[in-house]
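Trainee: Please take a close look at a single part, the surroundings of the ligand. Which residues are there, and what do they do for the picture?

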Amino acid sequence: MKSKVIVALDFSSEQRVMDFVERISPELCGLKVGKELFTALGPRIVEVLVEKGFSVFLDLKYHDIPNTVERACAAARNLGVWMVNVHALGGSEMIAAARRGVGMESDRPLLTAVTVLTSMDAAALRAIGIDVAPETLVKKLAGLAQSSGADGVVCSANETRELTSILGTKFIKVTPGIRPLGVSNDDQKRVMSPIKAIKEGANYLVIGRPIIQAEDPVGVLTRVIDDITGVA
Ligand code: C5P
């Protein structure tokens, strides 16, 4: 995947997906298929996008016993996805099983892990019996993901710099919560502009509503790409 932008296809109708996808090319961006689209349309939509040449990030955040996650990751690999993810909270054994599931080939899917959902704060963690600051838990789970064989993490752009310093530049950081300047934050609480996120060390930016709900989605997408081109 050459582009650093992944567009979140948060739609539930094939028509809306196709209206957008037919106006862009695989060189421009990757595409994220999440729980809404996958549940509504099933794996066929992934196959259609892969057949069109797009790099597909299957964002189903697997969290189950190791054997189940391994088999789900193998099924994702068979669909031809470019990236798949798990919840790091599933533990080391589960992440290692996911890594076995995606396989060892050079064209295998990348495996990323979600650390702490950005919707959870300290109080929400305490309520489920985790009495640790979210930032501490993010670092712990990112380290666990790396040592268990994941290629990277899905994290807030606010966390990328510190995670890079601890885990190195090769460990991938995929960051949602990106908002081009002048665009609504929607329900995202901690947002960052595309340029700033890349400067902070994000490898891939996940952007949904600012693009897919825009009057001119392709215009917004190309503007974001122009903005970050050349930014290291
Ligand atoms: O519309 P927006 O740009 O906020 O979309 C962000 C996408 O990234 C959504 O598909 C959302 O589910 C996903 N995501 C997120 N925060 C995370 C993990 C995934 O917003 N921590």
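Mentor: What follows goes from the ligand outward to one strand beside it. The model is predicted, so local features need pLDDT of at least 70 and side-chain atom pairs pLDDT 80 or more, while totals for chains, interfaces and linings use all residues. Numbering starts from 1 along each chain as its sequence is written, and side-chain values use heavy atoms, without hydrogens and water.

The ligand has 13 residues around it, and D10, K32, R179, G208 and R209 come nearest (near means a heavy atom within 4 Å). By class, this shell holds five charged, five nonpolar and three polar residues, with Gly counted as polar.

Some side chains make polar contacts, pairs of N or O atoms within 3.5 Å. A polar side-chain atom of K32 is 2.8 Å from a ligand oxygen, and R179 has a side-chain N or O atom 2.8 Å from an oxygen of the ligand. For T118, the partner is a ligand nitrogen, 3.1 Å away. On its own the ligand has 470 Å² of accessible area, of which the protein covers 85% (Shrake-Rupley method, 1.4 Å probe).

β8 (204-207) and α10 (209-212) each supply at least two shell residues; helices are DSSP runs of at least four residues, strands of at least two.

How values were computed: A polar contact is a pair of N or O atoms within 3.5 Å; within protein, one must be able to donate a hydrogen and the other to accept it, and residues adjacent in sequence count only if both atoms are side-chain atoms.
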